[in-house]
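Biologist: Please walk me through the terms used for this model. I want each label set against its rule.

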Amino acid sequence: MHDKTLAQLSAGLASGEYSSVELTRHFLDRIQRLDPVYNSFITVMADQALASAASADQQRASGKGVHPLCGVPIAHKDIFCTEGVRTSCASKMLDNFIPPYNATVVDNFLAAGAVVLGKTNMDEFAMGSSNETSWYGPVKNPWDINTVPGGSSGGSAAAIAARLTPASTATDTGGSIRQPAALCGISGLKPTYGRVSRWGMIAFASSLDQGGPLARTAEDLALMMNVMASYDPRDSTCLDLEVPDYTAGLTNSIAGLKIGVPKEYFDEGLNPATAKVVQDALRQLEQLGATLHDISLPHSSLSVPAYYVIAPAEASANLSRFDGVRYGYRCEEPQDLRDLYMRTRAEGFGDEVKRRILVGAYCLSAGYYDAYYNKAQQVRRLIKQDFVSAFEQVDMILGPTCPNPAFEFGSKGDNPVAMYLEDIYTISTNLAGLPGMSIPCGLVDNKPVGLQIIGNYFSEAHMLNVAHQYQMATDWHTRQPADIG
Amino acid sequence: MSWETVIGLEVHVQLATKTKIFSGSSTAFGAAPNTQASAVDLAMPGTLPVANEQAFRYAIMFGLAIDAEIGKTSVFERKNYFYPDLPKGYQTTQLAKPIVGPGHVDIQLKDGSHKRVRIHHAHLEEDAGKSLHEDFHGMSGIDLNRAGTPLIEIVSEPDMRNAEEAVAFAKKLHSIVTSLGICDGNMSQGSMRFDVNISVRKKGDEKLGTRTETKNLNSFKFMEEAIALEVERQIDVIEDGGKILQETRLYNADTKTARSMRSKEEANDYRYFPCPDLLPVVIDDATIEQLRSTLPELPDARHKRFVEQYGLSDYDAGVLGDDATMAHYFEAATKVCGDAKLAANWIMGELSARLNGEDKTIGDSPVSAVQLGQMILRIKDNTISNKMAKEVLQGVWTGEGDPDTVIEKRGLKQVSDSGAIEALVADVLAANSAQVDNYRSADDSKRPKMIGFFVGQIMKASKGQANPQQVNEILLKKLNELI
């Protein structure tokens, strides 16, 4: 059962091939058996999952129409607040935090009747590209447990690659859905900023954070998007736009699709083997009737520096609430208020989080604001303008998701900038607020490579159509790691 | 050496919205600690703010009332600092693009002169919670009920030159926001708080001296005291050859002393930046015009109207018209009794004295405007004398009932039966024949002075209940008959 896609599982439940309880038990067993190796879950919700599976089975048995995802198991990234269930954001700071409310995304899946297997591991507060910053330890890439799964949604991606869950929610601030999707050989979609509610999703960088799905196929992403996307008046940055049926246009032909290929995404920083795999994928799309056009996104090289000013600046304020006063970690025996603050935050946050808080506070401080924060915002507008111009010529922009396949643990540990450059192709879409996808398009040394699809604002349905057509013509999305039980 | 004081004010005004500026929690005062604090107010992880539209409407109304430019694009920013009563670790406020731009407020001084105080801007922001340092055995308690209450902070230019001007300005602001109905004006509950920036310079100097900021004054009286104290301190320091340090000071109204809270060097770097959770708010002209057309009467217009409509003096119109609650009280009482002059006299005299005596404002007067009006009606129809009216007021004040009930219960009805009064007069004249003889033999010019004795005797005989005007008339008639 674990080899099936979300769509197949939904069909199997509908036909009565198996019950949700059987399905849920199967995945819970796999998690119990295999996850000690991958460490992809922080919290497994076995009891709650079986209870909601039983209730889903009842609903289906009642004969009333149910949502396609009713009784289908999924996982939530541990950044989405779940009422009554610890939500840690992979930080010691929130190791004891049990929210009294659900994220809107969590509520949406609850309403659909989906079964939540548990909360997945991630980089602490979503800050990282390797899942090495989690307080609960790193996640192992099922393709090679000596390599990283990517981050920050590494737990979600690894769990899907290891067939411990068919799909998961995730978040993407600079590539945190697409990069782990690429490194774990699965599909992931970061929607347009404002498409998925951020209520109850613990903030890293508010103007860049966006929730989205991870799954095996584009079709599964469409099923997930049908639930995740919603207008939410509790999130002022959420757009009041009708949610389309993302599965409706999947089978459309892509003949005549104009694909832009930015030269900046094939520069010297790109691994030549990865470049070849991506070029092959582009030719495959040509065969499906698309046309390729050379384009330029001239300010691409500025995206990483701009991002590493804006994201830490917002994070420095967003993480101020973790002060030991109302919830979360509090240091032992504080001597006074200052001691409470200093030790709580020194002991509760990991190194990467502290690094970004320091960078962010510095960029916003008196005398530096204009040189850093303001300048970065100007660059952000230029990057957005690059895309606006490009989309006047082409329908989609395609290229690699990451410069390299999965790297080994600790290989970039002492060099944060080398780690930051792993996100060079994904960050600019967050700065522009555009939707971006990654789908498997080949292997290099038996490590997956991701093809990135960047669409215009709110063109997710069209992007999923392109990805689905590619997946109908290829089998990279069906490849799976050896030795996953 | 002659010194000039320069004063600027920053005024925090709590807006009278039902819910908080970024959450649906109630803003009502006085609830049990933390019962009006939602997940948003507690800054729980993942929660997000949603701006309160009514707070914007109120802020725009204030802007229109002070003839200010309304910020068409209004941006919230985060002001970062750590304090336990600030749950997010930043205050959501406005800096570069406030809702209200430059405007002005005109004040009238005691000598009758007028002065214009310029407003630099006014911005929307959230209030912090409260730290409670008592009752926790050396620890501090945090009450977040107030956290997120909407405020406008009104920032004046340094246009005031003494405490009188500063207090007049503060009172005028109080009058404007209560007239608009955007603030309940309750100073003792912190609905209006004043930060006073004070510097001194040699008379004639152009350059401003170094200023200090005395924070969180919540009464006009404390403000006046704190300014006097700080001006004196600054002049003493300078005359002793010292320098004023830029610092924040706290005034203690109990000990009438002030102390330094923090110096400029200890000041926070607030690292302001636009709040990414709240998009810029664009105010369209239609909204502004709609609010302008429904703006309630403002204090200056009301002042003018009181002079014209009720024939009040400029001074009386100021006392009765500047405070919205007072103005409503006056107009309600006048409506009942139909006599503005009497209503004005009773409110500004007896009633105000009683209110001041118990440290009450007109808003908490135990005697309602309707009751005062009814009482005045009884004076006008000769049921009671002015002197009895004071007793009636006392009775209504202490809850004995409406004026008519009090008059009935206390037996305060004035005797206006001319037959009865004539009998009283006859009795008194008969019993005091010596004085009557004196009166008869006296010069015309001395007689009026002698009348008082007879009036006193007659009133005494009537136990104070005889109508004094009738007593006068009948007595004169009788005495004249005897001449």
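Modeller: The talk below covers one helix pair and two cavities.

Modeller: This is a predicted model, where local features need pLDDT of at least 70, side-chain atom pairs count only at pLDDT 80 or more, and totals for chains, interfaces and linings use all residues. Residues are numbered from 1 along each chain as its sequence is written, chains are lettered from A in the order written, and side-chain values use heavy atoms, without hydrogens or water.

Biologist: Why is helix 1 of chain B called roughly perpendicular to helix 4 of chain B?

Modeller: The axes of helix 1 (residues 53–65) and helix 4 (residues 285–293) of chain B cross at roughly 65° and come within 10 Å. The label covers 65 to 115 degrees, so helix 1 of chain B counts as roughly perpendicular to helix 4 of chain B.

Biologist: What makes the contact between them?

Modeller: Contact means heavy atoms within 4.5 Å. Helix 1 of chain B brings Arg57(B), Ile60(B), Met61(B) and Leu64(B), and helix 4 of chain B brings residues including Ile288(B) and Leu291(B). The contact residues divide into five nonpolar, two polar and two charged. Nonpolar means Ala, Val, Leu, Ile, Met, Phe, Trp, Tyr, Cys or Pro; charged means Asp, Glu, Lys or Arg; the others are polar.

Biologist: What makes a space a cavity?

Modeller: On a 1 Å grid over the protein atoms alone, a 1.4 Å probe must fit but be unable to get out; lining residues have an atom within 4 Å of a point. Five cavities reach 30 Å³ or more. The largest holds about 200 Å³. Among its 22 lining residues are Phe22(B) and Lys88(B).

Biologist: Which residues line the second largest cavity?

Modeller: Among them are Met201(A), Phe322(A), Pro45(B) and Asp277(B). The volume of the second largest cavity is about 70 Å³.

How values were computed:
Axes are lines fitted to C-alpha atoms, for helices over the stretch in contact, and angles run from 0 to 180 degrees between N-to-C directions. Helices (H or I, at least four residues) and strands (E, at least two) are DSSP runs, numbered from the N terminus. Angles under 35 degrees count as roughly parallel, over 145 as roughly antiparallel, 65 to 115 as roughly perpendicular and the rest as oblique. On a 1 Å grid over the protein atoms alone, a cavity is a set of points where a 1.4 Å probe fits but cannot get out, and a pocket is an open set with protein on both sides within 12 Å along at least five of seven lines; lining residues have an atom within 4 Å of a point. Grid points are joined across faces, edges and corners, and a volume is the space filled by probe spheres set on the points.
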